[in-house]
Structures are given as C-alpha cells and as structure tokens.
Amino acid sequence: MKKNLLFFLLIIISCDNQNELYDNFNLNNIKDGVIYEANIRQYSESGRFDDFTKDIYKLKDLGVKIIWLMPIHPISKVKRKGTLGSYYSISDYKDVNPEFGNKQDFDELVAEAHKNDMFVILDWVANHTGWDHHWIKTNPEYYTTNSKGEITDPINPDTGESWGWTDVADLNFNNMEMQNEMIEAMEYWVKEHNIDGYRADAAHSCPPSFWKKSIKRLNNIKNVIMLAESDGYHPGGFELIEMFDMSYNWSGHHVLNNIAKKENNSDDLSFNINRNYKDLSAEHILMNFTSNHDENTWAGTVFDRYGDGAKTFGALTYFLPGIPLIYNGQEYGLEKRLEFFEKDFIPKNKSDFYNFYSILNTIKKENHLLNIDPEVKFEIIELENKNLVCFKRSKENDSMYFIANLSNETLEFETGIKGSFETLINNTIYKLDSNKLKAWEFHILK
C-alpha cells in the first residue's frame, strides 16, 4: 500500500512540474532548442494528427523544443483553390479540419508533445477568413469592402490591386467587435486545449495595437510563446516586432539564398547581422531557416536553392544569433516541393540528413555558447575572400568558431587565429590560422 501511495505521489508531483513548465513559460525553456514546423496534411500518407503524434518522440533527436503546427482549422469550400484548398483559408477558428482528425486527436498530440518536453504553437491567420466563414453572412461589417460595398480579397496597399489571394476575404481591423471575437478564438485554444502560443501569419498585415491587445489577454491566461511571420523591415516596423518573443529572419534568409546564387557574398551577410544587432533589442529572438512551407512549395527545396551547400547553410542557421527552424521533411532529405492545395506526403526515406541534424542538436545542447543568451558575444571575422565566412561566439573565457566555404571551389584562407581546434562535427583537430576549405566545407570549432 505504501508503495502504491508513493507511486501516485510521484505522478502528482510530475504532473505539477509539467503544469508549472507549460503555464509559466520563459525563454530559458527553449534556450538550447529548435523549432519544428509540421505540415499535418503532408507529414504522412494519412495526413492525420495520429500519425504525427506517433512520431513526436523522434523530434527529441533533432533538439525540438517548439512544434509549430500549420493551420489546423476547417478550410473553406467557396472559392477554394485546388482540390483541398489552402490551410490559410479558414472557415471556423474554433474547430479542427476533419481531414486531420478531431479535437480529441489534437489534444492527444498536445499532451504527447508536453510529455516529451516540447511546446505547441498554432499558426494563426488573423488577416482574413475563407469565403464560407459564418461572419460573411452574420457580420459582413467585419470585412473590407470596395466602393460598391462588396467584400474583397486582400489588396496590396502599394498598388491598389489584389495580391491574388482570391480564396480569402479581407478582414476590417477598424471593427473592434471583430477584433474582440478574433482574440476570444485565440484564447479558446489556450484555455480549452492547452496550446502554448501562436505563430502569427503575416503579422504585419494587422495593426500593432491588435497584437498588443491579443498578447496581453493571452498572457493573462498563461505565458505564451509568440512568433511573428514578419520582420522589422515590413509595415509595422520594430514597434510590432518587439511585441513578439520571436520573428522571422526574412532578410537574412534572402541573403543566404542570394549567396548560393552568387548574387550576394559574406559582406551582405555581415551587413544583415550587424543591422539586426543595431535594430533589435538583445532579448528579441530571430528564427533562422533554410526552408519552410512557403519556401519549399513556391521557391524550391533546399537542394533547388542551395545545391551541394544544403548542409553548409543548414549548419550556419545553428550558429547565427537566434533559433533554428527545421521544416518537416528536411530531416529526411526531402527532395520535392510539397503540394499546397492537394494531398501529398513526405517520404520517410533513410537519409544522412537525420544524422546531420541530430549531430547539430547534440553540439547545440552540449555547448552553452550556442544557446539563446544576450550575454554571448557574436563576432564577425573578416576574411579576404568574400566566399568565405568566419564567426566567433564567446562568453567570458569560452569561445567557439564557425568557418565555411560558401562556394563550389576549394579556397585558401588566413585568419591569424593561432591554436588547434576540435571540429565538433567529426572530432578531428583543425588549424584555424591558415588552411584551405573544399567546396561547401564547414567546421564548428571549439
């Protein structure tokens, strides 16, 4: 009897500790972690919550601390694009897409993530709804209208023309009742389904005052994680971005793409890093990435964009200031663009990319200098050849280096940095003062 009592006490203590973690989130909880973007429809052949939930334990190998789920809500049928429509054309903010399962299935996903020490954030589409959302009939005043009083799809403010998102109806943020209903829907998933925050789709398309009010109300329920799909160089600027814990490093991502195309070089990357340090507060976190759902489908796979440098640029996202993102399938060496409006799936083929990301995770966890930490100093080591990059992270007497050849030819370099360093990828000794790098070769050095 005593043993049983002790067992139940341990369960209660464990549950209390879990609740404490997920009710009182702070950035220390994710300082050595990774974000994983999950596209439920395409993650598995079934495209259901259950098949993703079964694989959550595998994400520990990849160092995942935050699971970002693309929109899980029912998709509008009116003006739908393709057979299944866009995840971002939502017909009901308080329900789940039956294509994925039901709310119980979703709750089991969240519980499994929490059991594996991961947070879950939902993709929230605040700027527009699908054309069969009930507001279209019950509250047409919630929407933007043209001179004829007709509800419109989103309009590009610079041109006055449609963005081409004809499957969605633009919301009118001058309507405070609409804003309040929107925030109530966001509160619902935190209160009733214990999610841990949101990725705000096109955050800059909504006024900063809306996000300020939303975040305050959500944090009154529990401390939430907020990621903005925007940066300070979009409308809303840094006033908007600083309301969020994290934001996209869009400008840095485009520099990486352009380096691979030989349109940019290390000077452009250095400029971007220095500008971010100047413009953002030390506590704000940038999300670095080589792929996401938009890039994969519309711009191409990492192999389309980076070629043989896919691993090099992937490793760089782990060393740059901020937090790295893995888009589902990257760990399996995904070599195709996933369909956006149709059913597709990620082949779970054996790939050295799984081992690659697992090794990066181990390096990240075992080296505190790779943590999200405002006190870690990030330095750019200038090299003569602009196809090479060299960076240093340091705190007190500890330091680490990243050096890479961002080209398809062998290059020599001199840094003047004396001493022998351990390469953390393959555990060999490397001379950093003067050496050469083969095409796309990189090293994380300690």
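**Figure 1. Strand 15 and strand 16 make a hairpin in this predicted model.** Strand 15 (residues 420–423) turns F421 and T423 to its covered face, while S420 and E422 sit on the uncovered one. Strands here are DSSP runs (E, at least two residues), and helices are DSSP runs too (H or I, at least four residues), both numbered from the N terminus. Strand 15 pairs with strand 16 (residues 428–431) in the antiparallel sense over four bridges; two strands pair if DSSP finds at least two bridges between them. One of the partnerships to look for is T423 with T428 in strand 16. Four residues lie between the two strands, and in the turn N427 has a positive phi of about 55°.

A note for all views: residues are numbered from 1 along each chain as its sequence is written, and side-chain values use heavy atoms, with hydrogens and water left out. Because the model is predicted, local features need pLDDT of at least 70 and side-chain atom pairs count only at pLDDT 80 or more, while totals for chains, interfaces and linings use all residues.

**Figure 2. N194 and A202 have positive phi values.** Most residues other than glycine have a negative phi. Phi of N194 is near 60°, and this residue is in the loop between helix 6 (176–193) and strand 6 (197–200). A202 has a phi of about 40° and belongs to the loop between strand 6 and helix 7 (208–221). Is each one buried or exposed? N194 is partly exposed, with a relative accessible area of 30%, whereas A202 is buried at 14%. (Buried means under 20% relative accessible area, exposed over 50%, and partly exposed in between, with a 1.4 Å probe and protein chains only.)

**Figure 3. A202 appears again, now at the largest pocket.** This pocket holds about 1100 Å³ of space. Its lining has 35 residues, and the closest to its centre are H128, W163, W165, D201 and A202. (A pocket is an open set of points on a 1 Å grid over the protein atoms alone, where a 1.4 Å probe fits, with protein on both sides within 12 Å along at least five of seven lines; lining residues have an atom within 4 Å of a point.) Helix 11 (293–299) gives the largest share of the lining, four residues.

**Figure 4. K77 sits in a loop.** Look for K77 between strand 2 (64–69) and helix 4 (103–115). K77 is exposed, with a relative accessible area of 66%. K77 and S91 are 14 residues apart in sequence and 8.4 Å apart in space, C-alpha to C-alpha.

Notes:
Points joined across faces, edges and corners; volume = space filled by probe spheres on them.
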